[in-house]
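The following note collects points for a colleague who is reviewing the model. Each point takes up one part of the structure in turn.

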Amino acid sequence: MVAERLSAVRARISAAATRAGRDPGGITLVAVGKAQPARMLRAAYDAGQRDFGENRAQELAAKVPELPADARWHFIGPLQRNKVRLVAPAVTLLHSMDRAALADAWARAAPAPPVLVEVNVGAEPQKAGAAPAEVDALVARLEAAGVVVSGLMAIPPQADDPQDTRPYFKELAALAARLQDRWPGLRELSMGMTDDFEVAIEEGATIIRVGRAIFGPRPG
């Protein structure tokens with residue numbers, strides 16, 4: 001069942017990229033395994049999936065040994081500084097860099113994996129993420145500390161209609177384009193989940209984070 005769902009998601013990625021005049025090969029699908037048992041992730045791996053995302057440090061640490069060594073792990077959830085030691089050695093990319101204190105802690109995890117700066121595009125007080133006006137200073141701090149910043153990430157406000165997320169994806173893409181004048185390496189845009197990844201692709205997403213459409217509802 002996981003293999004069939006994964007195939008359907010890949011077909012939707014290809015169709016959305018084609019509509020936008022983009023190469024589907026330029027879009028990384030991260031299969032988000034939050035609360036899913038490791039056997040589900042292994043089913044996706046066996047179907048050809050290699051990029052996996054988790055948003056809890058302990059869950060990430062428990063699942064990494066359950067998959068072959070060539071699986072690539074992404075941490076996508078809010079990260080506490082005292083959990084950096086669990087996450088940094090395991091991941092190829094941190095999607096949720098959002099504040100100076102975390103930047104300093106991450107920089108001490110030498111060699112620190114690359115990061116994406118999380119942007120709170122909806123200015124939602126309950127969500128993590130740097131305000132758009134704070135992103136320049138945070139990128140500068142990370143770069144000065146020797147941390148590679150590969151791009152930006154955002155989780156827009158929840159919407160019943162996926163089209164309502166489009167302005168937020170446009171905003172993130174515009175911010176990235178502006179920052180690239182100073183930091184050309186900021187090429188990745190991590191945006192779009194199960195309900196809106198096709199809109200995100202149309203607006204320039206290079207990484208999408210999909211869980212439910214691949215693994216089904218979360219247990220419990």
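1. The model discussed here is predicted. The buried residues of helix 7 are covered by elements that include strand 5, helix 6, strand 6 (149-154), strand 7 and helix 8. The residues of helix 7 that are buried are R166, F169, L172, L175, A176 and L179. Helix 7 runs over residues 166-179, 14 residues in total, and its first and last C-alpha atoms lie 20 Å apart, close to the 20 Å expected at 1.5 Å a residue.

2. Helix 6 (135-144) is among the elements that cover helix 7, and helix 7 in turn is listed among those that cover the buried residues of helix 6, together with strand 4 (93-97), helix 5 (100-107), strand 5 and strand 6. In helix 6 the buried residues are V135, L138, V139 and L142. Viewed down the axis of helix 6, these buried residues fall within an arc of 100°, so they line one face of the helix. A137 and A144, on the other side of helix 6, are exposed. After helix 6 comes G146, with a positive phi near 90°.

3. Helix 1 may be read in a similar manner. Helix 1 comprises residues 2-19, which makes 18 residues, and it reaches 26 Å from its first C-alpha to its last, close to the 26 Å expected at 1.5 Å a residue. Its buried residues are V2, L6, V9, I13, A16 and A17. These cover an arc of only 100° around the axis, which puts them on the same side of helix 1. The face turned away from that buried side carries the exposed residues E4, T18 and R19. Cover for the buried residues of helix 1 comes from elements including strand 1 (28-32), helix 2 (38-46), helix 8 (197-202), strand 8 and helix 9. G21, just after helix 1, takes a positive phi of about 70°.

4. Two residues other than glycine deserve a check of their backbone angles. A35 is not a glycine, yet its phi is positive, about 70°; A35 is placed in the loop between strand 1 and helix 2. With 32% relative accessibility, A35 counts as partly exposed. A123 likewise has a positive phi, near 50°, without being a glycine, and its loop lies between strand 5 (115-119) and helix 6. At 65% relative accessibility, A123 counts as exposed, because the cut-off for that class is over 50%.

5. Is G192 buried or exposed? G192 is buried, with a relative accessible area of 1%, and it is found in the loop between strand 7 (188-190) and helix 8. Leaving aside residues up to four places away in sequence, G192 touches F169, F197, A200, I208 and R209. One of these contacts, F169, is a buried residue of helix 7. The C-alpha atoms of G192 and R209 are separated by 6.2 Å, although the two residues are 17 residues apart along the chain.

6. R209 also appears at the largest pocket, which holds about 830 Å³ of space. The pocket is lined by 30 residues, and those closest to its centre are I155, M193, T194, R209 and R218. Strand 8 (207-210) and helix 9 (212-215) each supply at least two residues of this lining; both elements are also among those that cover the buried residues of helix 1. By class, the lining has 13 nonpolar, eight polar and nine charged residues.

Terms used. Residues numbered from 1 in each chain as written. Predicted model: local features only at pLDDT ≥ 70, side-chain atom pairs only at ≥ 80, totals over all residues. Heavy atoms only, no water. 1 Å grid on protein atoms, 1.4 Å probe; cavity = no way out; pocket = protein on both sides within 12 Å on 5 of 7 lines; lining within 4 Å. Points joined across faces, edges and corners; volume = space filled by probe spheres on them. Helix = DSSP H or I, 4+ residues; strand = E, 2+ residues; numbered from the N terminus. Nonpolar A, V, L, I, M, F, W, Y, C, P; charged D, E, K, R; others polar. Expected span 1.5 Å × (residues − 1). Buried < 20%, exposed > 50% of the residue type's maximum accessible area, 1.4 Å probe, protein only. Arc of directions from axis to C-beta. Contact = heavy atoms within 4.5 Å.
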